[in-house]
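Trainee: I would like to go through the terms used for this model and see what stands behind each of them.

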Amino acid sequence: MKILYGIQGTGNGHTTRARVMAKAFKKYDIEVDYLFSGREPEQYFDMEEFGQYRTRTGLTFVTHNGKVNSWQTLRQAKVGQFIKDVKSLDLTGYDLVFNDFEPISAWAAKRQRLPVIGMSHQAAFLSPKVPIIGSNILTRSMIRKFAPADVYLGVHWQSFASNIIPPFICTEQQKSTDLAISNKVLVYLPFEALNKVIELLKGFPHFEFYCYHPDAKDESLTHIHLRKPSRNLFLADLASSVGVIANAGFELSSEALWFGKKLLLKPLEGQFEQSSNAFMLSNLGLAKVMQYLDADALGDWLSVPEIAQVNFPSDPKPLIDWLQAKQWHDTTALNQQLWQGIHLI
């Protein structure tokens, strides 16, 4: 089987999920090529797992000060280039497009009548059983139109429907509460202005904040340790922290739950997915939420205890077996196998 794996490059969550899948595809000797879109080529980092991957412009959203800028998102959309890339992507020789909310490979496959399996967190919201906050009547239609698929696999924290599977968390970092440093906090707020994040953290000198941000360079400002993006160093700091302050992206929240780290989430304003994630984790008692960079909320959260670890699966072999069997419209057995033994609360 030869697969083209299309991955949305906006943020790092899709790429994190793809790294887990890439390791598994190699382990089980599946031939896979990778196509990323949604960010500038030079902004990708730690991409060795994907070999000779390709990049395209694709479609993404523009943010400013922690909020989606709808006007700039539309203004900067390169629709002509997108259409050109869809038409020029030759899928000859591939058996399947495996897709994580990446529109070029999805539309090229639709155009060339190649099967598409769409596995993403966004796909989970196609089920009416999954709570959506900040959406409108067009949300589910937008998800289908953005990256169309023949079969959708949603990824979420609960099995709301038979086509929803749990996240795969695969990291070489040790999963132990013994590693946690009592005053160490990981901060990842890439959609917020870095100076505003620093200002938020200044008032808590008894804690050591390790702050990863795309605009940061490696330096320490007393108790605030700025770090440029690095997957391995980030995971090491995650493992040894007591908690995580972040936007409400799905993949980092999942990793924090797997490590048993408490969460303080500031959802990206205007992004229904993050608002929905924050709502669900807050209702489950697994995260605290602030709607802006709120020092009072941070102060209260710092005294909250850690949470129990969640045993999400680490090996995607059942998913790969399902892909190879080509019985793609039957997701029930896959769902039951992957959710077995997972206890969220």
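**Terms and their grounds**

Mentor: The crossing of H1 and H12 is right-handed. Keep in mind that this is a predicted model.

Trainee: What makes the crossing of H1 and H12 right-handed?

Mentor: A crossing gets that name if the near helix is turned clockwise from the far one by less than a right angle. The axes of H1 and helix H12 (residues 317-325) cross at roughly 65° and come within 10 Å.

Trainee: Which residues of H1 and H12 meet?

Mentor: On the H1 side they are Met21, Ala24 and Phe25, and in H12 they are Leu319, Ile320 and Leu323. By class, this contact of H1 with H12 has six nonpolar residues, no polar and no charged ones.

Trainee: Why are H3 and H4 called oblique?

Mentor: The axes of helix H3 (residues 79-88) and helix H4 (residues 103-112) cross at roughly 50° and come within 8 Å. Angles under 35 degrees would count as roughly parallel and those from 65 to 115 as roughly perpendicular. The crossing fits neither class, and H3 is therefore oblique to H4. This crossing of H3 and H4 is right-handed as well.

Trainee: What does the contact of H3 with H4 consist of, by class?

Mentor: From H3, Phe82, Asp85, Val86 and Lys87 meet Pro103, Ile104, Trp107, Ala108 and Arg111 of H4. They divide into six nonpolar, no polar and three charged residues. Asp, Glu, Lys and Arg are the types that count as charged, and Asp85, Lys87 and Arg111 take part in the contact.

Trainee: How do you know that H8 and H9 are oblique to each other?

Mentor: Helix H8 (residues 231-240) and helix H9 (residues 250-259) pack at an angle of about 45°, with axes 10 Å apart. Set against the limits of 35 and 65 degrees, that value makes H8 and H9 oblique to each other. Their crossing is right-handed. H8 contributes Arg231, Phe234, Leu235, Leu238 and Ala239 to the contact, and H9 contributes Leu252, Glu255, Ala256 and Phe259. By class, seven are nonpolar, none polar and two charged.

Trainee: What makes S3 and S9 edge strands?

Mentor: The open sheet has seven strands in the order S3-S2-S1-S6-S7-S8-S9, with parallel pairing. Strand S3 (54-56) and strand S9 (164-165) each have a single partner strand, so one side of each has no neighbour in the sheet.

Trainee: How do you know that S1 and S2 pair?

Mentor: A pair needs at least two bridges, and seven join strand S1 (residues 2-8) to strand S2 (residues 31-37), the two running parallel. One of the bridge partners is Glu31 in S2, which is matched with Lys2. Helix H1 (residues 13-27) packs on this sheet and touches S1, S2, strand S6 (96-100) and strand S7 (116-120), its direction making about 160° with that of S1.

Trainee: Why is the pair of Glu31 and Lys2 called a salt bridge?

Mentor: The cut-off between a side-chain nitrogen and a carboxyl oxygen is 4 Å, and the closest N and O atoms of Glu31 and Lys2 are 4.0 Å apart. The pair is therefore counted as a salt bridge. Glu31 in strand S2 and Lys2 in strand S1 are 29 residues apart, and the pair links distant parts of the chain. Over the whole structure, a search finds nine salt bridges.

Trainee: What is the pairing in the sheet that runs from S12 to S16?

Mentor: That open sheet has seven strands in the order S12-S13-S11-S10-S14-S15-S16, and the pairing is mixed. Within it, four bridges join strand S10 (residues 184-188) to strand S14 (residues 243-246), which run parallel. Val187 stands opposite Ile245 in S14. H8 lies across S10, S11 and S14, at about 135° to S10.

Technical notes
Residues are numbered from 1 along each chain as its sequence is written. This is a predicted model: local features need pLDDT of at least 70, side-chain atom pairs count only at pLDDT 80 or more; totals for chains, interfaces and linings use all residues. Side-chain values use heavy atoms; hydrogens and water are left out. Axes are lines fitted to C-alpha atoms, for helices over the stretch in contact, and angles run from 0 to 180 degrees between N-to-C directions. Angles under 35 degrees count as roughly parallel, over 145 as roughly antiparallel, 65 to 115 as roughly perpendicular and the rest as oblique. Contact means heavy atoms within 4.5 Å.
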